[in-house]
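Got the viewer open? Let's take a short walk, one selection at a time.

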Amino acid sequence: MVDESKNIELTEDDLENKSKGQLIKMAGQLRDRRNELNQMASDRASKRDDLNAKTREKVDEAQEHREQRDELNEQVQEHKDKRNELNAEANELFDKVEKLKSDMELDEGKDLEELEEEIEQLEFKQQTEVLSSEEEKELIEKIEGKREEYEERKGKLDQNEDLEELVEEAEEVRSEASQHHQKVTELADKAQEHHNQMIEAYREADDIRDEADDMHESFVEAQEAADQHHEDFVRVQKRLRELDKEEEQERKSERDKKKEEAKEEAEEIYQKFKEGETLDTEDLMKLQKTGLL
């Protein structure tokens, strides 16, 4: 802000009624205050320009983060597309696996691990519990039945290399899809980080821009005050020139008046001379000055 208490006020009454000396003093005060305000305006303009430059830097920084975010998002989309493509491929392969199992009747009944666990539980019961001959016979038959089922199912699996290869291929494709999913997660996190940095840079740019706008208003205020003081300084200078002209006119009028009076006096002296009166030295000098002698 401009300290208005230091400003110099000039009124029409000042111009009309102040003396020449007072106006000269006021002109000096106006000039000094004008120069002070011009320097103030210059300093504020410089600070405003610095702030505008910082605003542009922050906007450029935000734009860089935007570009990096967009580039990462493109990569995220590429990995998403590849992941989805691979998952679709893996699903087709696993569907084929299930179809092969169905064709081999492997989808009916229990799997090998479950059968193996049941056999171990039955054998443990045989070894640890006291059973009657009939109970033990039934248990042994049951264990043998489970073993036969186990071997039958294991034999079917071992004999079908296509199924193993298909399962392995499906798992490899699913693993590759998981790798792309991992990349999606990593790149999306980085993109979000750049997005957050972009938002922060834009926020800082807005704050600095507001500060620059305030500084510009302060610059305008100081410049307008300086311009007003300059305008008033010019008005005082103009008034001083008018006073100088008035004084010169008064001096000229006074000179003309004295010259006319001297001429009239000389003509009177010359008339006396023509009438034969004797003239003293002073009268002769007056005639010489007016060119009558």
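For the charged stops on this tour, a salt bridge is a side-chain nitrogen of Lys or Arg within 4 Å of a carboxyl oxygen of Asp or Glu. Keep in mind that you're looking at a predicted model. By that criterion, the structure holds 23 salt bridges. We'll drop in on a few.

**Stop one: a pair on helix H5.** Select Asp207 and Arg203. Their side chains meet in a salt bridge, 2.8 Å from N to O. Both residues sit in helix H5, four residues apart, which is about one turn of the helix. Switch on the surface: Asp207 is partly exposed, because its relative accessibility of 40% falls between the 20% and 50% cut-offs. Arg203 is partly exposed as well, at 41%.

**Stop two: further along H5.** Now pick Arg251 and Glu248. Here too the side chains form a salt bridge, with 2.8 Å between N and O. This pair also belongs to helix H5, but the spacing is three residues, again about one turn. Arg251 has a relative accessibility of 42% and counts as partly exposed; Glu248, at 35%, is partly exposed too.

**Stop three: a bridge with a buried arginine.** Select Arg239 and Glu246. The closest N and O atoms of this salt bridge are 3.8 Å apart. Is Arg239 buried or exposed? Arg239 counts as buried, because its relative accessibility is 15% and the cut-off for buried is under 20%. Its partner Glu246 is partly exposed, at 40%.

**Stop four: a network.** Add Glu12, Asp232 and Arg235 to your selection. These three are linked in a network of salt bridges.

**Stop five: the largest nonpolar core.** Time to leave the charges behind. Select Ile8, Leu10, Leu15, Leu23, Met26, Ala27, Leu30, Phe233, Val236, Leu240 and Leu243: these 11 residues make up the largest nonpolar core. Which elements give two or more residues to this core? Colour helix H2 (20–103) and helix H5 (161–274), and you have them.

Zoom in on Ala27 while you're here. Leaving out residues up to four places away in sequence, Ala27 touches Phe233, Val236 and Gln237.

**Last stop: another core.** Apart from the largest core lies another one, of nine residues. To find it, select some of its members, including Ala90, Leu166, Ala170 and Val173.

Conventions. Residues are numbered from 1 along each chain as its sequence is written. This is a predicted model: local features need pLDDT of at least 70, side-chain atom pairs count only at pLDDT 80 or more; totals for chains, interfaces and linings use all residues. Side-chain values use heavy atoms; hydrogens and water are left out. A nonpolar core is a set of buried Ala, Val, Leu, Ile, Met, Phe, Trp, Tyr and Cys residues joined through side-chain atoms within 4.5 Å. Buried means under 20% relative accessible area, exposed over 50%, partly exposed in between (1.4 Å probe, protein chains only). Contact means heavy atoms within 4.5 Å.
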